[in-house]
Protein chains: 2
Amino acid sequence: MNFYRPIKFKITFLTILISFAAGNAQKLNQIQLDSLSKKYAKSSLPLLKELLSIPNDAFYAADIEKNIKWCESAFGKRGFTTTRIETETVPLLLAERNHKKATKTVLIYLQIDGQPVDSTRWFQKSAYTPALKKKNAKDDWEEVAWIDMKGFEDDWRVFARSASDAKGPVAMFLTALDATEELKISPNYNIKVIMDFEEELGSPQLPKAVIENKDLLTADMLIIFDGPRHITNRPTLTFGARGIATLQLTTYGPSVPQHSGHFGNYAPNPALRLSKLLASMKDDDGRVTIEGFYDGIAIDEATEKVLKAVPDNERQIQERLQIAATDKVGNYYQEAIQYPSLNIRGMQSGWINEKVRTIIPGWARAEIDVRLVLESDPTRLLNLIKEHIENEGYLVLDREPTKNERLEYAKIATITSEISYQSFRTDFDSEAGLWLTKALKNAFGEDPIRIRMSGGSIPISPFVTTLNIPAVTVPTVNRDNNQHSPNENLRLGNYREGIQTMIAILNEKL
Amino acid sequence: MNFYRPIKFKITFLTILISFAAGNAQKLNQIQLDSLSKKYAKSSLPLLKELLSIPNDAFYAADIEKNIKWCESAFGKRGFTTTRIETETVPLLLAERNHKKATKTVLIYLQIDGQPVDSTRWFQKSAYTPALKKKNAKDDWEEVAWIDMKGFEDDWRVFARSASDAKGPVAMFLTALDATEELKISPNYNIKVIMDFEEELGSPQLPKAVIENKDLLTADMLIIFDGPRHITNRPTLTFGARGIATLQLTTYGPSVPQHSGHFGNYAPNPALRLSKLLASMKDDDGRVTIEGFYDGIAIDEATEKVLKAVPDNERQIQERLQIAATDKVGNYYQEAIQYPSLNIRGMQSGWINEKVRTIIPGWARAEIDVRLVLESDPTRLLNLIKEHIENEGYLVLDREPTKNERLEYAKIATITSEISYQSFRTDFDSEAGLWLTKALKNAFGEDPIRIRMSGGSIPISPFVTTLNIPAVTVPTVNRDNNQHSPNENLRLGNYREGIQTMIAILNEKL
């Protein structure tokens, strides 16, 4: 997966600098961008290291405050004015910089907080003490002294919480700003940067904050610097993401667990009830059988072409997952994620393994997530599920049943649900799409891989809906980055090409 | 549920003693037995208290040793010779006493160990510091000083671990031996008492120990002093119990949990797979739909008469369980437990509640227990389940699948199973059945409630099978005794009538 292509033409930074500083400012070409990325990737490693050294678990407000201060300082130094957008918890941070002759404004979304850390499972001093590592002869990751960082190679990696998700992109962007500053390149658009310090908590304050600060955030488009590139690690643009709603379903047996000897064959078993309900919702191939669930989605010829242009290796994906067959919602991976999903993310009744007890459990519970696409109205989908359960003969409540209800209704289910946020999707040939495609093509000499929809969800629809602007994600990090897990890392080749990508975007006329 | 009937004829212990000691020994009648039970229930409370004060969680061998020593001493003092039957863990204890003119031998099974204790949930100093309690005006349990115990009433209770399960019956039996000794009543049969110190662990050493000590244990019948009476709290005899086998079923999704956004609609969900399998095994009314599962069981007219003679109040049972309808394996409670059951006792996949993660889980697991009746060959039933799963298109393994198997087979299930022990059932009109029925009728003036089968399982079939003898359970304790739970207790009226029952049995000619 090493995409780095050796550049044969050796050019020096000085050549570029002289050329640009002299006012012969043209657009940077691929060779120049490549050269710049090498120089700045190396010189900015201390910045990356410093940023990754600040603990950023959003559960700890004092740590988050340090991150906010760092960002205020970093953007302040680079000519941005910063504004804290206060919320009920920690603020969002807005940084703005206007440029001469600019007529448009690009809003950039950055995520600063990181997932919690299980420090026992990290193979280094701390998740907040970034470790530079390379593979040794035994194919193990071995630490390299930071002092040697200038000799780095693309396949070395920085291990730290948020290295990829998503402080790495923050450092790339700041570095790209520095490079353009030194070259006296000024974007022809104004920049607003909105920084989220609660993304890993699901950005609970974001939708309200965007509505209340609509004017402050006004822009022509939104770019998200987050997420991994396509699995081939080639330059990628992502034009949408599924939204997400969640649902909790509980069925009931006897009011308290009962001895399975005394009551087996007599007291109804809630785990069987739940199993029957779940089994009734999907067929053997994972297709939702609730009528109307996929309504409104049609993959036309043009879309199919777009989906099939993504160079997925289905066999490779299946080998990685170790599955012999896939669900049959779509015919291939990219098609599958154009549809809403209904996934059992958790299920429990009684106890298993060493905790097992010989009982008829009192209840059984399934946690379900419903990934949404633009065509699916989340309220409608959740209602379809609820109606389906009612049609199976259940009294459906949004709370636990009372004793009287238990004695009156043979089948009772409790459903609670939450719509986190909706999907978003931007056309490939929108202004934002065409512009970013052009920038990436200029940086890497070929069209980026363009993904119509990411299967996962990001809290972008509040911007898209409230500000009425298109959004495109520019992913840069390596896919095997252990995001959300111990030993998260960022491949230095991806860091370098991320800087290259962002310089190209800053340099691209809008 | 107060069954105690006031006896109008006041007789003194002295009258009985004189009558028996003078050699006018006839059979004790109901009035005499009632009077004796009152005297000895009071006088033996210190014995009960002492026995309950010895911690008896079988997990702690040193505590168990104290219990063994106590039993050796208690039976030794009463003219029994004791033998430790060594096993790989703690011994079983055999106590024997022969009687003049005896031609038959009755083997009595007593359980000495108790369930573990969660001391935070007991409303007294300790589960091993027995507390005497009575209901106060607010209907709460209130402690009574042990010094006042002689004024006790039937509805007072002793709270302690094993008060009911099953040290209470041990104290009743020792007290009954003392009463007959004082009256110079000698049973006309020899007595062997086998004491189990690992019953709550599932008596893992018992089957082997019985086989290896077959000659030592030879007897004509087995009586088990354990378990609660029928819910009406009237004198009860139980003639059988279901056996038990267990099965663990696991289905598989991706080899490790996957992001449900990226792979929802693509990677098969193991919780759905498991739900479909479980749903396919039983119908909506809880009847197993696997062909042959109920083969060989027929409730004939005579059996139906026996079952219907049990004074169950179905509505009351359902109210207690808080269920509006029951499974439809039988038409009523006693019929339901004449059939084998297939019960989901536990189920898990991914996480629920505050631990929920937005994933496609890597596996889903169900724990199943199969209660057995005499007609069900456990191996055959377990095979039926396995074949059913194979017929659903699964590769069935007894271990985790390998990567190659995962890549080759779309549906894989792992099944492991264990047959704990088989069912036993004794005829009502067997010698043991008729003899015990006669003894209880003599003690209480009416036929006992006779239960064909208890739904739960007790480790009695090793005796029944190896020694080829019939077994009958003589339950004595109150059903609402919180067995296995915090605040286990024994109603003093049940303690008293238990003593009455056991004196009557010792006094009944065999």
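Chain A and chain B bury about 7,100 Å² between them, and 54% of that area lies on carbon and sulfur atoms. The model is a predicted one. The size of an interface is often given as the accessible area lost when the parts come together. The contact draws 84 residues from chain A and 84 residues from chain B.

**Polar links across the interface**

How many salt bridges are counted between chain A and chain B? The count is 2 salt bridges. In one salt bridge, the side chain of K411(B) meets that of D284(A), at 2.5 Å from N to O. Polar contacts between chain A and chain B join 48 residue pairs, with both residues at pLDDT 80 or more.

Which element gives the largest share of the side of chain A that touches chain B? Strand β13(A), residues 341-350, does, with 10 residues. By residue class, the side of chain A that touches chain B holds 36 nonpolar, 27 polar and 21 charged residues.

**Strand pairing between the chains**

β13(A) also pairs across the interface. Its partner is strand β13 of chain B, residues 341-350. The two strands run antiparallel and are joined by 5 bridges. Within this pairing, S349(A) has M347(B) as its bridge partner. Strands of a sheet pair through backbone hydrogen bonds, either parallel or antiparallel.

**The four-stranded sheets**

Chain A has an open sheet of 4 strands in the order β5-β4-β6-β21, with antiparallel pairing. The edge strands are β5(A), residues 141-144, and β21(A), residues 489-491; each pairs on one side only. On average, neighbouring strands of this sheet in chain A are turned by 35° against each other, direction ignored. Helix α17(A), residues 492-507, packs on the sheet. The helix touches β4(A), β6(A) and β21(A), and its direction makes about 65° with that of β21(A).

Chain B has an open sheet of 4 strands too, ordered β5-β4-β6-β21 and paired antiparallel. Its edge strands are β5(B), 141-144, and β21(B), 489-491, each pairing on one side only. Neighbouring strands here are turned by 35° on average, direction ignored. Helix α17(B), residues 492-507, lies across β4(B), β6(B) and β21(B), running at about 65° to β21(B).

The table lists antiparallel strand pairs, each with its bridge count and one pair of bridge partners.

| Strand pair | Bridges | Bridge partners |
|---|---|---|
| β13(A) and β13(B) | 5 bridges | S349(A) and M347(B) |
| β6(A) and β21(A) | 3 bridges | R157(A) and R491(A) |
| β6(B) and β21(B) | 3 bridges | R157(B) and R491(B) |

Methods. Residues are numbered from 1 along each chain as its sequence is written. Chains are lettered from A and ligands numbered from 1 in the order in which they are written. This is a predicted model: local features need pLDDT of at least 70, side-chain atom pairs count only at pLDDT 80 or more; totals for chains, interfaces and linings use all residues. Side-chain values use heavy atoms; hydrogens and water are left out. Contact means heavy atoms within 4.5 Å. Buried area is the accessible area (1.4 Å probe) that two parts lose on being put together, summed over both. A salt bridge is a side-chain nitrogen of Lys or Arg within 4 Å of a carboxyl oxygen of Asp or Glu. A polar contact is a pair of N or O atoms within 3.5 Å; within protein, one must be able to donate a hydrogen and the other to accept it, and residues adjacent in sequence count only if both atoms are side-chain atoms. Ala, Val, Leu, Ile, Met, Phe, Trp, Tyr, Cys and Pro count as nonpolar, Asp, Glu, Lys and Arg as charged, and the others, Gly among them, as polar. Two strands pair if DSSP finds at least two bridges between them. Axes are lines fitted to C-alpha atoms, for helices over the stretch in contact, and angles run from 0 to 180 degrees between N-to-C directions.
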